[in-house]
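Student: I'd like to go through this model and ask how each label on it is earned. Can we take it step by step?

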Amino acid sequence: MAGDEKVRKILVAVDEGEESLYALRWCLKNVISSKNTILVLLYAKPPRAVQTALDGTGYLFSSDILSTMEKYGSDVADRVMDKAKRICRDHHMINEVEGRVECGDPRDVICDMVEKLGVDVLVMGSHGYGWFKRAFLGSVSNYCAQNVKCPVLIVKKPKSNC
């Protein structure tokens, strides 16, 4: 009967924080229960914060600085994806692991990829911001939970006792 089972596609949003990697581990342990699962690891690379002098700000950055900043952003994305894939390597219930790095605001990138890929479940870590920080910084997980058309699992990392 395993051959008749529908393949599930689960998207896990990962970033530099331990919260997202905790959510990935939790998902592997508690959500994935059959080999008919495709796991998509998504890293949303933030848009370039620095603009060139043509934008009217008066700041001028050389192409060397801009390319260094771009390389740094790509290196961070590579490290995050490598770490996430290593976590997945020992899990035997995954049919396939796909890594994706997309550029843009994480809220928009995650919501767009959920729709584009036809994801069955979105898994995200919670940074655990209080109401005050969330009011100013916004909550990516809350935004996605309100705007995607699939179930969203927000995993909160327990506080350490140290």
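**Helices, strands and cores, label by label**

Tutor: Let's begin with helix α3, whose buried residues are covered by, among others, β1 (8-14), β2 (37-45), β3 (96-103), β4 (121-126) and α5 (140-147). Keep in mind that this is a predicted model.

Student: What makes the length of α3 agree with its 12 residues?

Tutor: Count 1.5 Å a residue, and the 12 residues of α3 (residues 106-117) should span 16 Å. The end C-alpha atoms are 16 Å apart, so the two values agree.

Student: Which residues of α3 are buried?

Tutor: They are V109, I110, C111, M113, V114 and L117. An α-helix has 3.6 residues a turn, so residues three or four places apart point the same way.

Student: Is E115, which sits in α3, buried or exposed, and how do you know?

Tutor: The cut-off for exposed is over 50% relative accessible area. E115 has 64% relative accessibility, so it counts as exposed. Its C-alpha atom is 7.6 Å from that of K149, 34 residues apart along the chain.

Student: What caps the N-terminal end of α3?

Tutor: D105 does: a side-chain oxygen lies 2.8 Å from the backbone nitrogen of R107. For a polar contact the limit is 3.5 Å, so 2.8 Å is within it. After α3 comes G118, with a positive phi near 65 degrees.

Student: What about α2: how do you know its length fits?

Tutor: Same recipe. Its 27 residues should span 39 Å at 1.5 Å a residue, and the end C-alpha atoms are 38 Å apart, which agrees. L66, G73, V76, A77, V80, M81, A84, I87 and C88 are its buried residues, and their cover includes β1, α1, β2 and β3.

Student: Why is β4 called largely enclosed?

Tutor: Because six of the six residues of β4 are buried. Both faces are covered: V121, V123 and G125 are buried on one side, and L122, M124 and S126 on the other.

Student: Which strands pair with β4?

Tutor: β1 pairs with β4 in the parallel sense over three bridges, and V12 stands opposite V123. Strand β5 (residues 152-156) also runs parallel to β4, joined by five bridges; there, M124 has I154 as its bridge partner. Two bridges are the minimum for a pair, so three and five both qualify.

Student: How do you know that T37, in strand β2, is buried?

Tutor: Buried means under 20%, and T37 is at 0% relative accessibility, so it counts as buried. Leaving out residues up to four places away in sequence, T37 touches R8, I10, I32, M93, I94, N95 and E96.

Student: And why is D15 called partly exposed?

Tutor: The partly exposed range lies between the 20% and 50% cut-offs. D15 is at 22% relative accessibility, so it counts as partly exposed. D15 lies in the loop between β1 and α1, and its side chain reaches the backbone nitrogen of G17 at 2.9 Å. Not counting residues up to four places away in sequence, D15 touches S20, Y43, V80 and H127.

Student: Which residues touch the most other members of the largest nonpolar core?

Tutor: I10, V12, L24 and L39, out of the 24 residues in that core. At least two residues each come from β1, α1 (18-30), β2, α2 (63-89) and β4, and α2 gives the most, with seven. Take L24: beyond its neighbours within four places in sequence, it is in contact with V12, L39, L41, A84, I87 and C88. There is also a second, separate core of 18 residues, which includes L11, V109, V119 and M124. In general, nonpolar side chains tend to be buried together in soluble globular proteins.

Student: To zoom out, what pattern does the chain follow along the sequence?

Tutor: It reads β-α-β-α-β-α-β-α-α-β, with five helices and five strands. Of its 162 residues, 36% count as buried. Among contacts with a separation of 6 or more, 77% join residues 24 or more positions apart. As for the surface, the chain exposes about 10300 Å², with carbon and sulfur atoms supplying 53% of it.

Conventions:
Residues numbered from 1 in each chain as written. Predicted model: local features only at pLDDT ≥ 70, side-chain atom pairs only at ≥ 80, totals over all residues. Heavy atoms only, no water. Helix = DSSP H or I, 4+ residues; strand = E, 2+ residues; numbered from the N terminus. Expected span 1.5 Å × (residues − 1). Buried < 20%, exposed > 50% of the residue type's maximum accessible area, 1.4 Å probe, protein only. Contact = heavy atoms within 4.5 Å. Polar contact = N/O pair within 3.5 Å; in protein donor to acceptor, adjacent residues only side chain to side chain. Core = buried A, V, L, I, M, F, W, Y, C linked by side-chain atoms within 4.5 Å. Areas by Shrake-Rupley, 256 points an atom, 1.4 Å probe, with all protein chains shown as cover.
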